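Trainee: I would like to learn to read a model like this one step by step. Where should we begin?

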Amino acid sequence: MKNILKLIFLFSIIFIKSQSDENSELEIKYDFVFVNDTLDKSHPLSEQMTLLTNGKKSNYFSENYKARAAAFGRQLRGATNNEVVTINMSGVPEAKVKHSVYKDENGIFISNSLGRTLYTFKSADLKTWKIFNQDTKNILGYKCTKATIEIDNKKYIAWFTYDIPIND
């Protein structure tokens, strides 16, 4: 049990440290809208996401997931080797989005929770976006262009602007 707590604590510290913005030049907030149940597309879910980037490396994660990891880490910091710790996560928002994306010069890496296990894998190259230059809309004062990609028979839609020269 001690080793499990140490491992969880170490993971929490690494996760929180990796989410820090000390090396970021830009922090972008997203409202990530998705359908959890493909049989019921009438009730989409949304969650606040953050992208931290410096143009060379980036990290994309759920704000709620970050808050839960930080709360968990804070509660474990007071524990000693022989102390029993009760973790109380009430009042901390539940994360609907359990994945995060890290990008550097070695590729794109996706981490996703499945039950109690965190899986990380290298993503396929995402260079097959279809850009619809005629399909634009204004988002926060920026002229944004629609782009779509299909991965594993799932269609993803993104809106981007040429005014911000970041490829993330």
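**Reading the chain**

Mentor: Start with burial: of the 168 residues of the chain, 23% count as buried. Keep in mind that this is a predicted model.

Trainee: How much area does the chain expose, and what share of it do carbon and sulfur atoms supply?

Mentor: The exposed area is about 12,200 Å². Carbon and sulfur atoms supply 54% of that area.

Trainee: How many helices and strands does the chain have?

Mentor: There are 2 helices and 9 strands. Along the sequence they follow the pattern α-β-β-β-α-β-β-β-β-β-β.

Trainee: What share of the contacts in the chain between residues at least 6 apart joins residues at least 24 apart?

Mentor: That share is 41%.

Trainee: Now the interior. Which residues form the largest nonpolar core?

Mentor: The general idea comes before the case. In soluble globular proteins, nonpolar side chains tend to be buried together. Here the largest nonpolar core has 5 residues: F34, M49, L51, Y60 and V97.

Trainee: Take one member. Which residues does M49 touch, leaving out those up to four places away in sequence?

Mentor: M49 touches I28, K29, Y30, F32, Y60, F61, S62, E63, V97 and H99. Two of these partners, Y60 and V97, belong to the core with M49.

Trainee: S62 is on that list. Is S62 buried or exposed?

Mentor: S62 counts as buried because its relative accessibility is 1%, and the cut-off for buried is under 20%. S62 lies in strand 3, residues 58–62.

Trainee: Which residues touch S62, again leaving out those up to four places away?

Mentor: They are E47, Q48, M49, A95 and V97. Look at the side chain of S62 as well: one of its polar atoms lies 3.2 Å from the backbone nitrogen of N64.

Trainee: Next, sheets. How should I read the order of strands 7, 8 and 9?

Mentor: Again, the general idea leads. Strands of a sheet pair through backbone hydrogen bonds, either parallel or antiparallel. In this model, 3 strands form an open sheet in the order 7-8-9, with antiparallel pairing. Strand 7 (130–139) and strand 9 (154–160) are the edge strands, and each pairs on one side only. Neighbouring strands of this sheet are turned by 30 degrees against each other on average, direction ignored.

Trainee: How many bridges join strand 8 to strand 9?

Mentor: Strand 8, residues 142–151, is joined to strand 9 by 7 bridges, and the two run antiparallel.

Trainee: Which residue of strand 9 stands opposite A147?

Mentor: A158 does.

Definitions and conventions:
Residues are numbered from 1 along each chain as its sequence is written. This is a predicted model: local features need pLDDT of at least 70, side-chain atom pairs count only at pLDDT 80 or more; totals for chains, interfaces and linings use all residues. Side-chain values use heavy atoms; hydrogens and water are left out. A nonpolar core is a set of buried Ala, Val, Leu, Ile, Met, Phe, Trp, Tyr and Cys residues joined through side-chain atoms within 4.5 Å. Buried means under 20% relative accessible area, exposed over 50%, partly exposed in between (1.4 Å probe, protein chains only). Contact means heavy atoms within 4.5 Å. Helices (H or I, at least four residues) and strands (E, at least two) are DSSP runs, numbered from the N terminus. A polar contact is a pair of N or O atoms within 3.5 Å; within protein, one must be able to donate a hydrogen and the other to accept it, and residues adjacent in sequence count only if both atoms are side-chain atoms. Accessible areas come from the Shrake-Rupley method with a 1.4 Å probe; for residues, only the protein chains shown count as cover. Two strands pair if DSSP finds at least two bridges between them. Axes are lines fitted to C-alpha atoms, for helices over the stretch in contact, and angles run from 0 to 180 degrees between N-to-C directions.
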